[in-house]
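Got the viewer open? Let's take a short walk through this one, one selection at a time.

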Amino acid sequence: MSKKILFTDLDGTLLTGDKKISPSMQLLLSRLVRSGNRLVLTSGRALPSILQVAQKASLLVPDTVIIAANGNEIYDCDSQSFLLRKSVPTDAAQDIIDIARSFGIYIQSYDDRGIVSPKEGSELSRYAARTGMSYVISDDILKTVGHPPCKLLAIALNGHAKLEQLRDAVLARHSDIVSAIFSNPEYLEIFDKTAGKGNAVRFVCDHFGIPLSESVAAGDAENDISMLEASGCAVAMANADPSVKACADYITQKDNDHDGLSEAIIKYFDL
């Protein structure tokens with residue numbers, strides 16, 4: 001039997017509400033990999049945060065790759081180098097930052113170490129606590145990043161309607177070069193239009209020589225939809241957004257706080 005590959009989102013899918021991987025899930029993922037299958041952590045998070053999660057859960061086995069920043073970065077953990085890296089052009093990124101500020105919406109980016117934020121505040125403190133990432137404060141985000149950013153993240157706590165307005169404004173000016181997609185109601189992810197988790201799934205399957213038909217993808221939010229559509233089998237969590245469930249082949253009975261992903265692993269992988 002040919003081996004398969006699992007692409008799993010982190011927040012709302014693999015991770016519990018307190019941002020951990022349960023011991024039983026760690027054991028199941030270990031069995032999956034030991035059986036010759038592949039595991040690819042696939043998240044909107046920045047790479048340093050995903051690496052931290054993987055290290056804590058002992059998931060950095062040999063020949064591991066990670067999909068970060070909604071598919072803008074595909075990272076080879078063995079060589080500690082990027083197989084693929086895309087970004088938002090600097091001029092467009094600055095314009096998007098200016099638009100967000102005109103709406104009074106907090107927006108941040110990332111350098112190779114962590115978060116680059118324009119100010120201290122509830123948005124930054126909550127995000128840093130949830131992801132475990134370090135941060136720097138800068139009046140000039142893009143200058144501090146030092147290169148075209150892999151993505152921008154607009155955050156509005158209890159302000160989803162404002163983020164929808166921001167998305168409309170950003171796409172009205174830059175829909176030819178960026179996507180603007182929600183990873184949860186409070187986070188609007190803005191990144192290169194040719195990236196996305198779906199294209200990253202295709203790239204990684206080709207990299208490992210695994211047919212897309214042998215891939216399983218699991219997620220819960222809007223930014224996971226392209227990944228689910230690209231994969232051979234699409235899994236939506238019980239706690240997923242209705243739009244995600246609408247494109248799923250299988251919906252778990254349990255949510256991310258009760259290892260719902262384990263249902264799909266047992267169902268689709270020969271362990």
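Colour the lining of the largest pocket by residue class: you should get 4 nonpolar, 11 polar and 9 charged residues. Keep in mind throughout that this is a predicted model.

Next, to find the middle of that pocket, select Asp11, Lys19, Arg130, Ser183 and Asn184, which lie nearest its centre among the 24 lining residues. The space inside comes to about 320 Å³.

Which elements give two or more residues to the lining? Select helix H4 (122-131), then strands E9 (151-155), E10 (178-184) and E11 (187-192). H4 gives the largest share, with 3 residues.

Now stay with E10 and show its surroundings. Is this strand mostly enclosed or open? It is largely enclosed by the rest of the structure, because 5 of its 7 residues are buried. Add E11 to the selection: the two strands run antiparallel, with 6 bridges joining them. Follow the chain from E10 into E11 and you go round a hairpin of 2 connecting residues. For one rung of this ladder, pick Ser179 and look across to Phe191, its bridge partner in E11.

Last stop: Thr42. Look for it in the loop between strand E2 (38-41) and helix H2 (47-56). Buried or exposed? Thr42 has 0% relative accessibility, so it counts as buried. To see what surrounds it, show Phe7, Thr8, Asp9, Leu10, Ile67, Lys197 and Met227; these are the residues Thr42 contacts once you leave aside its neighbours within four places in sequence.

Key. Residues are numbered from 1 along each chain as its sequence is written. This is a predicted model: local features need pLDDT of at least 70, side-chain atom pairs count only at pLDDT 80 or more; totals for chains, interfaces and linings use all residues. Side-chain values use heavy atoms; hydrogens and water are left out. On a 1 Å grid over the protein atoms alone, a cavity is a set of points where a 1.4 Å probe fits but cannot get out, and a pocket is an open set with protein on both sides within 12 Å along at least five of seven lines; lining residues have an atom within 4 Å of a point. Grid points are joined across faces, edges and corners, and a volume is the space filled by probe spheres set on the points. Helices (H or I, at least four residues) and strands (E, at least two) are DSSP runs, numbered from the N terminus. Ala, Val, Leu, Ile, Met, Phe, Trp, Tyr, Cys and Pro count as nonpolar, Asp, Glu, Lys and Arg as charged, and the others, Gly among them, as polar. Buried means under 20% relative accessible area, exposed over 50%, partly exposed in between (1.4 Å probe, protein chains only). Two strands pair if DSSP finds at least two bridges between them. Contact means heavy atoms within 4.5 Å.
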